[in-house]
Amino acid sequence: MKLEHGTPREIEGESMRIIGQELEAMGIVLPAGCEAVVKRAIHTTADFDYADSLAFSPDVIEKAKAALAAGATVVTDTNMALSGVSKVTLAKLGGKAVCLMADEQVASEAKARGVTRAVVSMEHAAKFEGPLLFAIGNAPTALIRLHELIEEGIVAPALVIGVPVGFVNVVEAKELFIGGDTPYIIARGRKGGSNVAASIVNALLYQMVHREGF
């Protein structure tokens, strides 16, 4: 068998075609915006479980796109997720992406209080101005503290992407948002990761901005 070379765009396009074909064979039909998110999560992981596990709040895609169009700040809980977000695409909409996990003040405060950096980073990010999108792919403690901040009326995110991976408090942290008033895209269960969080952000961005090669 001869393996053919292709451009990144051609390879991605063929991958998406295969994913769409397999979703169709599984009898899975999703709204256009949600389908794009599911496909990119699958493209990132090669895991079709995301077709079932990703939960979307009502009208979340349009709400998220409106926030991005208004120059939202995307807050991640890992530098890995930050590196995966297409910051060039985000900048075209007047937005930016940040991660405070390596911030010296966050680290110092977390140590003094005996809590995780993820907790303190959410508290600091909650003070940012403008629309906020939180992309949590690693730390359930970030998701739990974010939910507390929402309940306390300190922050009102335009979107919470809750896809931390792991075994301790992961499922419970995600379920805090299911059915709530905050717009969310949540991966039920244990699966997720920083790469999935970034892929969901990118899926939203790519619906809005045409990419000139990559």
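The exercises below, each with a worked solution, deal with a predicted model.

**Exercise 1. The sheet**

Find the order of the strands in the six-stranded open sheet, and state which strands stand at its edges.

Solution.
Step 1. Strands of a sheet pair through backbone hydrogen bonds, either parallel or antiparallel.
Step 2. Reading across the open sheet gives the order E1-E6-E5-E4-E2-E3, and the pairing is mixed.
Step 3. Strand E1 (54-56) and strand E3 (96-99) are the edge strands; each has a single partner strand, so one side of each is left without a neighbour in the sheet.
Step 4. On average, neighbouring strands of this sheet are turned by 15 degrees against each other, direction ignored.

**Exercise 2. One strand pair and two helices**

Describe how strand E5 is joined to strand E6, then state which strands helix H4 and helix H11 touch.

Solution.
Step 1. Strand E5 covers residues 159-162 and strand E6 covers residues 184-187; the two run parallel and are joined by three bridges.
Step 2. For isoleucine 161, the bridge partner in E6 is isoleucine 185.
Step 3. Helix H4 (residues 60-69) packs on the sheet and touches E1, strand E2 (73-76), strand E4 (132-136), E5 and E6. The direction of H4 makes about 120 degrees with that of E6.
Step 4. Helix H11 (residues 194-206) also packs on the sheet, with contacts to E1, E2, E4, E5 and E6. The direction of H11 makes about 140 degrees with that of E5.

**Exercise 3. Salt bridges**

How many salt bridges does a search of the whole structure find? For the pair aspartate 47 and lysine 191, decide whether each residue is buried or partly exposed. Then do so for arginine 113 and glutamate 123.

Solution.
Step 1. Side chains of opposite charge can pair when their charged atoms come close. The search finds 12 salt bridges.
Step 2. In one of them, the side chains of aspartate 47 and lysine 191 meet at 2.8 Å, N to O. Aspartate 47 is in the loop between helix H2 (32-45) and helix H3 (50-53), and lysine 191 is in the loop between E6 and H11, 144 residues apart.
Step 3. Buried means under 20% relative accessible area. Aspartate 47 has 17%, so aspartate 47 is buried. Lysine 191 has 36% and counts as partly exposed.
Step 4. Arginine 113 and glutamate 123 form a salt bridge of 2.7 Å, N to O. Arginine 113 lies in helix H7 (residues 104-113) and glutamate 123 in helix H8 (residues 117-125), 10 residues apart.
Step 5. Arginine 113, at 41% relative accessibility, is partly exposed, whereas glutamate 123, at 13%, is buried.

**Exercise 4. Two packed helices**

Describe the packing of H8 and helix H9, and name the residues that make the contact.

Solution.
Step 1. Two packed helices are described by the angle between their axes and the distance between the axes.
Step 2. H8 and helix H9 (residues 140-151) pack at an angle of about 35 degrees, and their axes are 8 Å apart. The crossing of H8 and H9 is right-handed.
Step 3. H8 contributes Ala118, Val119, Met122 and Glu123 to the contact, and H9 contributes Thr141, Ala142, Arg145, Leu146 and Leu149.
Step 4. Sorted by type, the residues of this contact are six nonpolar, one polar and two charged.

Methods:
Residues numbered from 1 in each chain as written. Predicted model: local features only at pLDDT ≥ 70, side-chain atom pairs only at ≥ 80, totals over all residues. Heavy atoms only, no water. Pairing = 2+ DSSP bridges. Helix = DSSP H or I, 4+ residues; strand = E, 2+ residues; numbered from the N terminus. Axes fitted to C-alpha atoms, helices over the stretch in contact; angles between N-to-C directions. Contact = heavy atoms within 4.5 Å. Salt bridge = Lys/Arg side-chain N within 4 Å of Asp/Glu carboxyl O. Buried < 20%, exposed > 50% of the residue type's maximum accessible area, 1.4 Å probe, protein only. Left-handed = near helix turned anticlockwise from the far one by under 90°. Nonpolar A, V, L, I, M, F, W, Y, C, P; charged D, E, K, R; others polar.
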